[in-house]
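Got the viewer open? Here's a walk through the model, one selection at a time.

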Amino acid sequence: MNTVFFHAQDVPLPLWTKTAENFIKKVLKTLGRANWEVSVLFCGNKYIKSLNRQYRNKDEATDVLSFPQGETAARTGRYLAGDIVVSLNALEENVRFFNVSADEELRRLLVHGILHLCGEDHATNKPEEPMLKRQEEILARLAGEQCTGE
């Protein structure tokens, strides 16, 4: 059984975390991942910018960051996949820029973060990148699933 933990930094913890947890578990099942532990941190642009600067040497806010841990806990046998950090400010900016619902954008960011925890990566944000193609395939496969309850 997969486990998801939610935390918030400088923003209130969203009310829809249970819906997001169910979505994340469906993504992990779709990817064939079992016994995973994933942590999701919601924050604002200021906090994610500090992480982006510290860990990626990019002095700018971003929408999602992933920090793979990638180890198995000896005592429990659970795979500690790592952390996904989502800026709720950037999410709202993306909603306006891409003209999509907050639910659709959050699903996209969570799938993106999970794929990074799986070890996938991309050099650009071009849609033909294999990881981004896979992201969109997963989103299409889970169409109709909700994240925010919208």
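Before you click anything, one cut-off: a residue is called buried here when its relative accessible area is under 20%, exposed when it is over 50%, and partly exposed in between. Keep in mind, too, that this is a predicted model.

**Stop 1: cysteine 43**

Select cysteine 43, which sits in strand 2. Is cysteine 43 buried or exposed? Its relative accessibility is 0%, so under the 20% cut-off it counts as buried. Cysteine 43 has plenty of company: seven of the eight residues of strand 2 are buried, leaving the strand mostly covered.

Now add glutamine 9 to the selection. Glutamine 9 has cysteine 43 as its bridge partner in strand 2. Put a distance label on their C-alpha atoms and you should get 4.8 Å, although 34 residues separate the two in sequence.

**Stop 2: strand 1 next to strand 2**

Widen the view to residues 3-9 and 36-43, strand 1 and strand 2. These two run parallel and are joined by seven bridges. Trace the chain between them: the path leaves strand 1, goes through helix 1 (residues 17-30) and arrives at strand 2. Which hand does this β-α-β crossover have? It is left-handed.

While you're here, pick alanine 8; opposite alanine 8, in strand 2, stands phenylalanine 42. Hang on to that phenylalanine for the next stop.

**Stop 3: the aromatic pairs**

How many aromatic pairs turn up in a search of the whole structure? There are five. To describe a pair of aromatic rings, you give the distance of the centres and the angle of the planes.

Show the side chains of phenylalanine 6 and phenylalanine 42. Their rings are stacked, with 5.9 Å from centre to centre and 5 degrees between the planes. Phenylalanine 6 belongs to strand 1 and phenylalanine 42 to strand 2, so this pair ties together parts of the chain that are 36 residues apart in sequence. Both partners are covered: phenylalanine 6 is buried at 15% relative accessible area, and phenylalanine 42 is buried at 0%.

Next, jump to tryptophan 36 and tyrosine 79. This aromatic pair is tilted, at 4.9 Å centre to centre with 40 degrees between the planes. Here, too, distant parts of the chain are linked: tryptophan 36 is in strand 2 and tyrosine 79 in strand 4 (residues 79-87), 43 residues apart. Colour by accessibility and look at the two partners: tryptophan 36 is buried at 6%, whereas tyrosine 79 is partly exposed at 24%.

Before moving on, add Trp16 to the two phenylalanines; Phe6, Trp16 and Phe42 make up one aromatic cluster.

**Stop 4: out to strand 4 and strand 3**

Go back to strand 2 and look at its pairing with strand 4. The two are parallel and share eight bridges. Pick valine 40 for an example: its bridge partner in strand 4 is isoleucine 84.

Then bring in strand 3, which pairs with strand 4 in the antiparallel sense over seven bridges. One pair to click on is glutamate 71 and its bridge partner in strand 4, leucine 80. Strand 3 and strand 4 form a hairpin with six residues between them. Stop at glycine 77 in the turn, where phi is positive, about 75 degrees.

**Stop 5: a glycine in a loop**

Select glycine 119, in the loop between helix 4 and helix 5. Glycine 119 is exposed, because its 63% relative accessibility is over the 50% cut-off. Label the C-alpha distance from glycine 119 to glycine 70: the two atoms are 9.0 Å apart, with these positions 49 residues apart along the chain.

**Stop 6: the largest pocket**

Finally, turn on a pocket surface. The largest pocket has a volume of about 870 Å³. Centre on Asp63, Val64, His112, His122 and Asn125, which are the closest to its centre among the 30 lining residues. Which elements give two or more residues to the lining? Those are helix 2 (45-56), strand 3 (64-72), helix 3 (88-98), helix 4 (102-117) and helix 5 (130-141). Helix 4 contributes the most, with five residues. Colour the lining by class to finish, and you'll find 10 nonpolar, 10 polar and 10 charged residues.

Conventions: Residues numbered from 1 in each chain as written. Predicted model: local features only at pLDDT ≥ 70, side-chain atom pairs only at ≥ 80, totals over all residues. Heavy atoms only, no water. Pairing = 2+ DSSP bridges. Helix = DSSP H or I, 4+ residues; strand = E, 2+ residues; numbered from the N terminus. Right-handed = clockwise from strand over helix to strand, strands pointing away. 1 Å grid on protein atoms, 1.4 Å probe; cavity = no way out; pocket = protein on both sides within 12 Å on 5 of 7 lines; lining within 4 Å. Points joined across faces, edges and corners; volume = space filled by probe spheres on them. Nonpolar A, V, L, I, M, F, W, Y, C, P; charged D, E, K, R; others polar. Phe/Tyr/Trp six-rings, centres within 6.5 Å; stacked < 30°, edge-to-face > 60°. Buried < 20%, exposed > 50% of the residue type's maximum accessible area, 1.4 Å probe, protein only.
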